[in-house]
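Here is a friendly briefing to read with the model open beside you. It goes topic by topic, so feel free to jump to the part you need.

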Amino acid sequence: MNPPAVSQAKAPSKLILLGEHAVVYGHPSVAVPLDGPSSRASARLGRPGEPIGVELSDFKLAWMRGEAPSADEAKPFAALVERLVSSGLAPDNGWTLTVTSEVPIGCGLGSGASTAAAAFRAVYGLFGVPRGDSELSDDVFAVEKINHGTPSGVDNTVVSHGRPVLFRKGKELAFLAGPGTALHLAVADSGVRHKTSEVVSDVASRRREATERFDAVFSAIGALAEQGRAAFERGDARALGGLMSENHRLLASLGVSSPELETLVLKACVSGALGAKLCGAGRGGCVAALAADAAGALRLAEALKAAGAVTAFAARVGQPRLAGKGRP
Ligand code: PMV
């Protein structure tokens, strides 16, 4: 059968409900896909023999394989193409990849993993590559290493599987059951960008100075993630919200909050949120606030915009599904 001339694919963004930073040190983390901002990619056949082309429309960057510009945004995609070619998943000529994303970069929503997942899926589709979600996650993880240096693996796992997970580095992946009723969140962007690799390496160097204290905080965060898993599966938004706020307090004690994030978390809490926290690496990026219902999430998003968020949106997470186990 002839391959299709064009293959299109999409991947979600992600939100860590509980457990960022601690997850880098082997503790569990609860993360969910977000069907709000997402990434799209298309792979199309060109003329046989023509070099592979890559186009990142959001950055007005386009190049032929081997001639990637030095811009940071180009590096992961140059690596992605090399991985596809060197592993024999795609030919070394005659196709073009285009990627675009609504997921803001450096914001805690997993933009790197999301764009890479969409790109791999589009190329798999073009060449009929039979790779499932776990293999996609492995491919995205390889690209994440270019973005982040020492990623825990949570981002690639949740965007590739597209399901709520309890992720623990090196351990069997647990897909979360439920929640029986959807959870409603407001996600607000502080407008300040972080570089995940820099924040993670700063936390690592500060941990070297105060290992016992940092490890105690990481363990406490891991325990919150375990409790959060149960609260998520029960659909107990009130309990989950309390755990999120406690997680934020612990993250702030590690030095990864910022004045902008504190303002947004506080605003969410006085505006009726069941809990709120920074998401992802911190020192900027997004805050997530849990609401009791969909209308509450919309109200929180408005309140967060009024408090200085550059954007804020309401998101619904959690499909009623069966729990299960899988490979990260
Ligand atoms: O800010 P993001 O979306 O790159 O998330 C980083 C999450 C960390 O736990 C801080 C790092 C990691 O690799 O898990």
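What follows covers the sheet, a hairpin, helix pairs, two buried side chains and some backbone angles.

This is a predicted model, in which local features need pLDDT of at least 70, side-chain atom pairs count only at pLDDT 80 or more, and totals for chains, interfaces and linings use all residues. Residues are numbered from 1 along each chain as its sequence is written, and side-chain values use heavy atoms, with hydrogens and water left out. Helices (H or I, at least four residues) and strands (E, at least two) are DSSP runs, numbered from the N terminus.

**The four-stranded sheet**

- An open sheet of 4 strands runs in the order β9-β10-β8-β11, with antiparallel pairing; two strands pair if DSSP finds at least two bridges between them.
- β9 and β11 (311–317) are the edge strands, each pairing on one side only.
- From one strand to the next, the twist averages 20°.
- Strand β10 (residues 286–291) is joined to β9 by 4 bridges, and the two run antiparallel.
- Strand β8 (residues 183–189) is joined to β10 by 6 bridges, also in antiparallel fashion.
- Val-287 in β10 is a good residue to click on: it is the bridge partner of Leu-278 and also of Ala-188.
- In a regular strand the side chains alternate between the two faces of the sheet.
- In strand β9 (residues 275–278), Gly-275 and Lys-277 point one way and Ala-276 and Leu-278 the other way, and all are buried; buried means under 20% relative accessible area, exposed over 50%, and partly exposed in between (1.4 Å probe, protein chains only).

**The β3–β4 hairpin**

- Strand β3 (residues 53–56) runs antiparallel to β4, with 4 bridges joining them.
- One of the pairings puts Gly-53 opposite its bridge partner Met-64 in β4.
- Strand β4 (residues 61–64) has alternating side chains: Leu-61 and Trp-63 point to one face and are buried, while Ala-62 and Met-64 point to the other and are not.
- The hairpin has 4 residues between its strands, and Lys-60 takes a positive phi near 50° there.

**Helix pairs**

- Helix α2 (residues 111–127) and helix α3 (residues 133–148) have axes that come within 9 Å and cross at roughly 130°; axes are lines fitted to C-alpha atoms, for helices over the stretch in contact, and angles run from 0 to 180 degrees between N-to-C directions.
- That angle makes α2 oblique to α3, since angles under 35 degrees count as roughly parallel, over 145 as roughly antiparallel, 65 to 115 as roughly perpendicular and the rest as oblique.
- Residues of α2 that meet α3 include Ala-113, Phe-120 and Tyr-124, and among those they meet on the α3 side are Leu-136, Val-140 and Val-143; contact means heavy atoms within 4.5 Å.
- By class, this contact of α2 with α3 has 8 nonpolar, 2 polar and 5 charged residues; Ala, Val, Leu, Ile, Met, Phe, Trp, Tyr, Cys and Pro count as nonpolar, Asp, Glu, Lys and Arg as charged, and the others, Gly among them, as polar.
- Helix α5 (residues 196–209) and helix α6 (residues 211–234) have axes that come within 5 Å and cross at roughly 125°, so α5 and α6 are oblique to each other.
- Val-203, Arg-206, Arg-207, Arg-208 and Glu-209 in α5 meet Thr-211, Phe-214, Asp-215 and Phe-218 in α6.
- The contact of α5 with α6 divides into 3 nonpolar, 1 polar and 5 charged residues.

**Two buried helix residues**

- Asn-247 sits in helix α7 (residues 237–253) and counts as buried because its relative accessibility is 0%.
- Not counting residues up to four places away in sequence, Asn-247 touches Leu-17, Leu-18, Gly-19, Glu-20, Ile-221, Leu-224 and Lys-277.
- Leu-300 belongs to helix α9 (residues 294–306) and is buried, with a relative accessible area of 1%.
- Leaving aside neighbours within four places in sequence, Leu-300 contacts residues including Ala-186, Ala-268, Ala-289 and Leu-290.
- Leu-300 and Leu-264 are 36 residues apart in sequence and 10 Å apart in space, C-alpha to C-alpha.

**Positive phi in loops**

- His-21, in the loop between β1 (6–18) and β2 (29–45), has a positive phi near 70° although the residue is not glycine.
- His-21 counts as buried at 5% relative accessibility.
- Arg-283, in the loop between β9 and β10, is another non-glycine residue with positive phi, near 55°.
- Arg-283 is partly exposed, with a relative accessible area of 27%.
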